[in-house]
Structure formats: structure tokens, C-alpha cells
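Student: Please take me through one part of this model closely. I would like to look at the surroundings of the ligand.

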Amino acid sequence: MLSAGEIDRYHRDGYVIARGFQLTPHECARLQADLETVLQQNSDIPSDRLINVHLEGKPPYGAIGASGFEQLARDPRIVDMVEQLIGPDLILWLTHLFCKPAAIGREVPWHQDGQYWPIQPAATCTVWVALDTVDQDNGAMRIIPGSHQRGSFRHTTDLSDALTLNQVADTSQFDENTAQYIELQPGQVSLHDIGVLHGSAANTSGRRRAGLALRYMPSTAWFRRDASVENSKLDWTLLPLQLVRGVNRHELNDLRAGHGDFDPVITSATF
Ligand SMILES: O=C(O)CCC(=O)C(=O)O
């Protein structure tokens, strides 16, 4: 569980490292084995754009996942922390494996998640689980503390392959020197708010940097399946949503879509 001070820091800074949380060496080893399997089985998808690796090839992205990642996303120790931050009714709506290979790992540009997510009102807590040692040298996530309290920042779309994500915040709007780095050991987690500015540098080091982002929204918010993002291939219509705690509180949330058999439409998402 998060301490009272950590909860305060999350709300003040837009993120927190959960100092009392640590997966065991055995749990880390199993997740690292799942990571290797997922990387091997999805070699056609860039390893920093592997969406919904907790599912078995569900739409719309079709990555072949591993059940260990679903267990992790449903782990009460993790869901408890999310509940402390955004309340008791929780929908897991996405997972994203951000695996930056050694030497050639791409930059994640500065961005606010809420810019391209179809959630109204904008609400999500992301739990970022380190699967490798993550530090400044291999492209740790960096965050502008407090930026979630400053509303929407201007973004442009960059569809080049140089970046992991394609929504890019204009850096003239904030001071990059105020960034704080989130350095983690395998099995440690950070949690961040949908509105906080964050990103990470390219990984030019000799070490891989993998982390799994687990995205939870309060079920009081509405997941707008009809939303679209200009210039992107995102399709929310068949994204499988999973109620992981409590009850659905918004009558327009469709929790059935996407859970059946399907033919993958998109195998490499553009963000
Ligand atoms: O893994 C990274 O470097 C960025 C992660 C990110 O943008 C996110 O989890 O929202």
C-alpha cells in the first residue's frame, strides 16, 4: 500500500514511486521469462509498441500476450494502490510494453497521455512496472512534476519512425531542466497521472530497458469507443475492457466488446 505521504505526492507531483512495493525475485524472474516469450512471439511488432500483452491476441492490436502479465495487472497489491489513488471501481483498459532494446531504443517524446486517450473525463492511473534495471543511462522515464495541474499542453503529431509515440508536446511550454527521473530496479513500480508531462530519452546504452505500463481508469469515467485521433491508426471500438475491482459506474461503458474471437486488424499501433 502507498503511505499517506506517497498519496499526497502523487496528487501534488502527478507521480510517485511506491517505495514499499517490490516484486519478489521469483516473480521478477517469471515476468522476465514472459517478456522473452512475448518478444519472440511478436517479432513483427516493434518491442516498444507492444499493446495488450496481458491478453491472448485480442483486438485491435493482436499482440500475443502472456497470462503472467494479466495476473500482474490483477494483482491485489497493485490494484490496492490504484484504488488508494482513483477510487474503488476500476477498469483495466490497456497494457503497453515499452521495451527499449540496448543501443537502438527509441525516444518516447514528451507528452500527456490524456491527449490521445478516449476517456471522459480524462482519468487514468498508470502503474509502470520495471522489468529491467532502469536508470538515466538506459532511458528511464522522466516527468515534469506538477504539470498535471496545468491543463492541456500543445502537442503536434510526428509520424516518423524515430519515436515510440507520435504525440509530441511542444517543449517551449515547460522547462525540461525541472524533469525528475524515475529510476527503478526490476519489480519496482511508479504510478503516474493521465495529465502529467512525461517521456524518456533514446536508449543508447548497452543495456535493455523494459517496463510494462498498466492503465486503470475509474469506472465512473466513460470510455468513448467512438473517439478517434487525427493521423493515427487507433481504433478503440474493439478494445477489451476488464473490470478488475468494484462495479461499472458509467452506463455507456461497454465491457463486452472485443472479448470474443477476432481477426487482428492492426498489428503495429501508431500513437
Ligand atoms: O516507458 C516510457 O519511457 C514511457 C512510458 C509512457 O509514456 C507511459 O507509460 O505513459
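Tutor: Here is the ligand shell, followed by the elements connected with it. This is a predicted model, in which local features need pLDDT of at least 70, side-chain atom pairs count only at pLDDT 80 or more, and totals for chains, interfaces and linings use all residues. Residues are numbered from 1 along each chain as its sequence is written.

Start with the shell. Phe98, Val108, Asp113, Thr126, Trp128, Met141, His198, Ser200, Gly211 and Ala213 surround the ligand. A residue is near a molecule if its C-beta atom, placed from the backbone, lies within 6 Å of it. By class, five shell residues are nonpolar, four are polar and one is charged. Here Ala, Val, Leu, Ile, Met, Phe, Trp, Tyr, Cys and Pro count as nonpolar; Asp, Glu, Lys and Arg count as charged; the others, Gly among them, count as polar.

Three strands each supply at least two shell residues: strand 6 (125-130), strand 12 (198-200) and strand 13 (209-218). Strands (E, at least two residues) and helices (H or I, at least four) are DSSP runs, numbered from the N terminus.

Now follow strand 12. An open sheet of four strands has the order 4-12-7-10, with antiparallel pairing. Two strands pair if DSSP finds at least two bridges between them. Strand 4 (108-111) and strand 10 (180-182) are the edges, each pairing on one side only. On average, neighbouring strands of this sheet are turned by 25° against each other, direction ignored. That angle is taken between axes, which are lines fitted to C-alpha atoms; angles run from 0 to 180 degrees between N-to-C directions. Strand 4 and strand 12 run antiparallel, joined by two bridges. Val108 has Ser200 in strand 12 as its bridge partner. Both Val108 and Ser200 belong to the ligand shell.

Next, helix 3 (residues 67-74). Its buried residues are Phe69, Leu72 and Ala73. They lie on the same side of helix 3, because they cover an arc of only 95° around the axis. The arc is that of the directions from the helix axis to the C-beta atoms. Buried means 20 or more other C-beta atoms within 10 Å of the residue's own; exposed means 12 or fewer; partly exposed lies in between, with C-beta atoms placed from the backbone. The buried residues of helix 3 pack against helix 2 (25-41), helix 4 (76-86), strand 3 (90-100), strand 6 and strand 13. Contact means C-beta atoms, placed from the backbone, within 7 Å. Strand 6 and strand 13 also supply residues to the ligand shell.

Key:
Two residues are in contact if their C-beta atoms, placed from the backbone, lie within 7 Å.
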